[in-house]
Amino acid sequence: MQAIARAQPNIALIKYWGKRDRALNLPAVGSISITLADLYTDMDVKFDAALAADRLTLNGDEEAAMLPRVSRCLDTVAGSGRAAARVESHSNFPVAAGLASSASAFAALVVAASGAAGGQRPTDELARLAGRASGSAARSLYGGFVELGLNGDGIEVATLLAAEAWPLAVVVAVTDTGAKPVGSGDAMEISRRTSPFYGRWIDDQPRDLATARAAILARDLEALGVVAEHNCLKMHSVMWSSRPPIVYWNAATLACMHAVRELRSSGVGAFFTIDAGPQVKAVCPGADAPRVRAAFESIPGVAAVLTSGLGGGARLTARR
Ligand code: PMV
């Protein structure tokens, strides 16, 4: 009746932006991501018939805002007739760091809830349930380089290349720890309704996915960097051209992007990507991570720098 699971955040290299079905939370486009190793969320779920209602704590503090989403996710895993649950979430990275904490949280939640409910659900089914709660969470069920594809009325997620097969690092420049001006779900909807570039974004995605997939299988960092930066800037162009415009960047975001380009011209194999927030994530060979980190640390406005390798998918760590 109690289980603990661990999952890491993932960073999209070919981005998901836009929903095909808002009720089912189905993405409008496929995506490719890398699962991190060193940042994680541990989720402890205990179904307890003595509890009157679900309870959620984040790093020890009672959390009301996220509770309805967590309860709905528990219903999809354990059924709406389930006992109430006590859910404790612990992350070893700042939740406000714009690191897709919802991805690691919901990936860990479905694995822990399924374990606590006594089931042995296959990973692809858990990925679909995590994706219902947070689109990007489906990818954190898998490790390494992960592709999320569209399949009829659903999604299918699979590892393209294991983390150990290409030991890259991700260096994150945290440029703002405040809450986002607009959450990704609402922002995607604004883009779908109002950006003149939205249709083109959707139409071009299969080509970017194919280019990135080939670059990953060939372990070609330069080719992967070109398509990943292009895809990221296209997604942000869709955001900027929405009405009202959705602009997540600040001055330090832009300075970090320039720093990555300068590093590249001095021989460091690094490229950047940016999600629905102002943080910049540089992807580089593990050996180059200290240089990227030093460059980010010297930029005014960078509040913190985090580094991680690539790691595995969500997994059960204890069951009682
Ligand atoms: O899973 P959500 O709803 O937080 O959306 C994630 C959207 C991006 O992070 C911007 C891109 C992605 O593919 O992760």
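## The four-stranded sheet

Strand E12 (residues 168-174) and strand E14 (residues 280-285) run antiparallel and are joined by 6 bridges, and within this pairing Val170 has Val283 of E14 as its bridge partner. Helix H6 (residues 221-240) packs on the sheet, where it touches E12, E13 and E14, and its direction makes about 30° with that of E13. Helix H7 (residues 251-265) also packs on the sheet, touching E12, E13 and E14, but its direction makes about 160° with that of E13. These descriptions, like those that follow, refer to a predicted model.

The sheet to which these strands belong is open and has 4 strands in the order E13-E14-E12-E15, with antiparallel pairing. Its edges are formed by strand E13 (271-273) and strand E15 (304-309), each of which pairs on one side only, and the twist from one strand to the next averages 25°.

## The six-stranded sheet

Another open sheet consists of 6 strands in the order E8-E7-E9-E6-E1-E16, and here the pairing is mixed. Strand E8 (61-62) and strand E16 (315-319) stand at its edges with a single partner strand each, so one side of each has no neighbour in the sheet.

The partner of E16 is strand E1 (residues 2-7), and the two pair in the antiparallel sense over 4 bridges, with Ala5 standing opposite Leu316 in E16. Helix H2 (residues 101-116) lies across E1, strand E6 (41-47), strand E9 (85-91) and E16, and runs at about 35° to E6.

## The ligand and its surroundings

The ligand is surrounded by 13 residues, of which the closest are Ala12, Tyr16, Ser136, Arg139 and Ser184. By residue type, this shell divides into 6 nonpolar, 4 polar and 3 charged residues.

Oxygen atoms of the ligand take part in several polar approaches: a polar side-chain atom of Ser136 lies 2.7 Å from a ligand oxygen atom, a polar side-chain atom of Ser184 lies 3.2 Å from a ligand oxygen atom, and a backbone N or O atom of Gly135 lies 3.4 Å from a ligand oxygen atom. On its own the ligand has 380 Å² of accessible area, and the protein covers 89% of this.

## Gly185 and helix H4

Gly185 lies in helix H4, which spans residues 184-194. When residues up to four places away in sequence are not counted, Gly185 touches Lys19 and Arg22. Gly185 and Met235 are separated by 50 residues in sequence, and their C-alpha atoms are 14 Å apart in space.

How values were computed: Residues are numbered from 1 along each chain as its sequence is written. This is a predicted model: local features need pLDDT of at least 70, side-chain atom pairs count only at pLDDT 80 or more; totals for chains, interfaces and linings use all residues. Side-chain values use heavy atoms; hydrogens and water are left out. A residue is near a molecule or strand if one of its heavy atoms lies within 4 Å of it. A polar contact is a pair of N or O atoms within 3.5 Å; within protein, one must be able to donate a hydrogen and the other to accept it, and residues adjacent in sequence count only if both atoms are side-chain atoms. Accessible areas come from the Shrake-Rupley method with a 1.4 Å probe; for residues, only the protein chains shown count as cover. Ala, Val, Leu, Ile, Met, Phe, Trp, Tyr, Cys and Pro count as nonpolar, Asp, Glu, Lys and Arg as charged, and the others, Gly among them, as polar. Contact means heavy atoms within 4.5 Å. Two strands pair if DSSP finds at least two bridges between them. Axes are lines fitted to C-alpha atoms, for helices over the stretch in contact, and angles run from 0 to 180 degrees between N-to-C directions.
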